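Q: I have a model open in front of me and would like to learn how to read it. Could we go through it feature by feature?

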Amino acid sequence: MNRIKKGDVVARKSYGKDIIFTVKNIINTKKEKIAILKGFIDRIEADSNIEDLEIVDKQIIAKKQADLHYKLNDKIIKEKENRGEDYRIGIVTPSSRNKEKIVTGKILHLDGDKKYSQKSYYYYKKLGLNAIVKNIPEYRQPRVIYKLLQAYNPDILVITGHDGMIKRGTDYNNIYNYRNSKYFIQTVKEARRYDLERNSNLVIFAGACQSYFEAIISAGANFASSPARILIDFLDPLVIAEKIAFTEKYKYITIDDIAKELRDGKKGVSGIGANGKMIKEID
């Protein structure tokens, strides 16, 4: 058997190798070695006895990477097609011949995963969105969010990374049964403290796979994961941010307006909704 080490891509034998993970860290206990795992494709964190892990074949890894890249680019192409000519900067309207400038909402995105941070930035930029993406571990997000909001003053805040329930299917209302939900909750509260002082009406998405949805919403998020405590798609937080950024300020957008574009609809993400952040200026 291959020796499992930090950085390896693995699957859990006892779970039928259903999810592919990257080994985040290895903890030595008196009885066994425990691997801390983060999803290779999914936004989930878990742990496992190292003996239950099997290294994933390089060809499978390459295919998963290619599938993820294709999915990302396919979504970008579809979004550009859906938006059409209406969202070009500097549109000349047929009636007035005035130049209409489209200003989309400014996004600040904190992500605990470096790979996803890079892919998120790529997605936003390809769609022409004004976005700042920061790779910040989940536990550090509450400590830095206030200063980041002061520095960038965004319209939309995305707080995500990896999460997961320690005991699946039980203790839904126990914050200690979630790996990173407490950090997302703390970050949302800090963001709302900033928002109250500035009266900026910040729109917030927070959460990852299996996150404590109700507590995150109660903390002040407009949208959060995961009502059904399921895995959410990598693209779900990006889709939420994009829809708010491209919706005009006088329009209120609900989860029903977005659900069909999320992999698992309202089971994966839900919320109270928010006004859009796009404005149109006539030169």
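A: Happily, and let us begin with a term: a salt bridge is a side-chain nitrogen of Lys or Arg within 4 Å of a carboxyl oxygen of Asp or Glu. This is a predicted model, in which local features need pLDDT of at least 70, side-chain atom pairs count only at pLDDT 80 or more, and totals for chains, interfaces and linings use all residues. Residues are numbered from 1 along each chain as its sequence is written, and side-chain values use heavy atoms, with hydrogens and water left out.

Q: How many salt bridges does the structure hold, and what distance separates N and O in the one between Arg-192 and Asp-195?
A: The general idea is that side chains of opposite charge can pair when their charged atoms come close. The structure holds 23 salt bridges. In the one between Arg-192 and Asp-195, the N to O distance is 2.9 Å. These two are separated by about one helical turn, because they are 3 residues apart in helix H4. Helices here are DSSP runs of H or I with at least four residues, strands are runs of E with at least two, and both are numbered from the N terminus.

Q: Is Asp-195 buried or exposed?
A: Relative accessible area decides that: under 20% is buried, over 50% exposed, and in between partly exposed (1.4 Å probe, protein chains only). Asp-195 has 11% relative accessibility, so it counts as buried.

Q: What other salt bridge lies within helix H4?
A: Look at Glu-197 and Arg-193, whose side chains meet at 3.7 Å, N to O. They lie 4 residues apart in helix H4, about one turn of the helix. Glu-197 is partly exposed at 48% relative accessible area, and Arg-193 is partly exposed at 39%.

Q: Which parts of the chain does the salt bridge of Lys-266 and Asp-256 link?
A: Here the N to O distance is 2.8 Å. The pair links distant parts of the chain, 10 residues apart: Lys-266 is in the loop between H7 and strand E14 (270-271), while Asp-256 is in helix H7. Lys-266 is partly exposed, with a relative accessible area of 43%, and Asp-256 counts as exposed at 51%. Elsewhere, salt bridges link Asp-42, Lys-71, Asp-233, Arg-263 and Asp-264 in a network.

Q: Now the nonpolar side: which residues touch the most other members of the largest nonpolar core?
A: In soluble globular proteins, nonpolar side chains tend to be buried together. A nonpolar core is a set of buried Ala, Val, Leu, Ile, Met, Phe, Trp, Tyr and Cys residues joined through side-chain atoms within 4.5 Å. The largest one has 33 residues, and Ile-107, Tyr-123, Tyr-124, Phe-223 and Ile-240 touch the most other members. Among the elements giving two or more residues to this core are helix H1 (58-83), helix H2 (114-126) and helix H6 (236-245). H6 provides the largest share, 6 residues. Another core lies apart from this one, with 30 residues including Leu-108, Ile-159, Ile-204 and Ala-219.

Q: How should I read the aromatic pairs?
A: Rings of Phe, Tyr and Trp (its six-membered ring) pair if their centres lie within 6.5 Å; planes under 30 degrees apart count as stacked, over 60 as edge-to-face and the rest as tilted. A search of the whole structure finds 4 such pairs. Tyr-116 and Phe-234 form a stacked one, at 5.0 Å centre to centre with 25 degrees between the planes. Tyr-116 is in helix H2 and Phe-234 in the loop between strand E12 (223-224) and H6, 118 residues apart. Both residues are buried. The ring centres of Tyr-123 and Tyr-124 are 6.2 Å apart with their planes at 70 degrees, so that pair is edge-to-face.

Q: What span should the 12 residues of helix H3 have?
A: The expected span of a helix is 1.5 Å times one less than its number of residues. For H3 (residues 141-152) that gives 16 Å, and the end C-alpha atoms are 15 Å apart, which agrees. After H3 comes Asn-153, whose phi is positive, near 45 degrees.

Q: Which residues does Leu-149 contact?
A: Contact means heavy atoms within 4.5 Å. Leaving aside neighbours within four places in sequence, Leu-149 is in contact with Leu-108, Pro-154, Leu-157, Ala-191, Tyr-194 and Leu-202. Leu-149 is found in helix H3 and counts as buried, at 0% relative accessibility.
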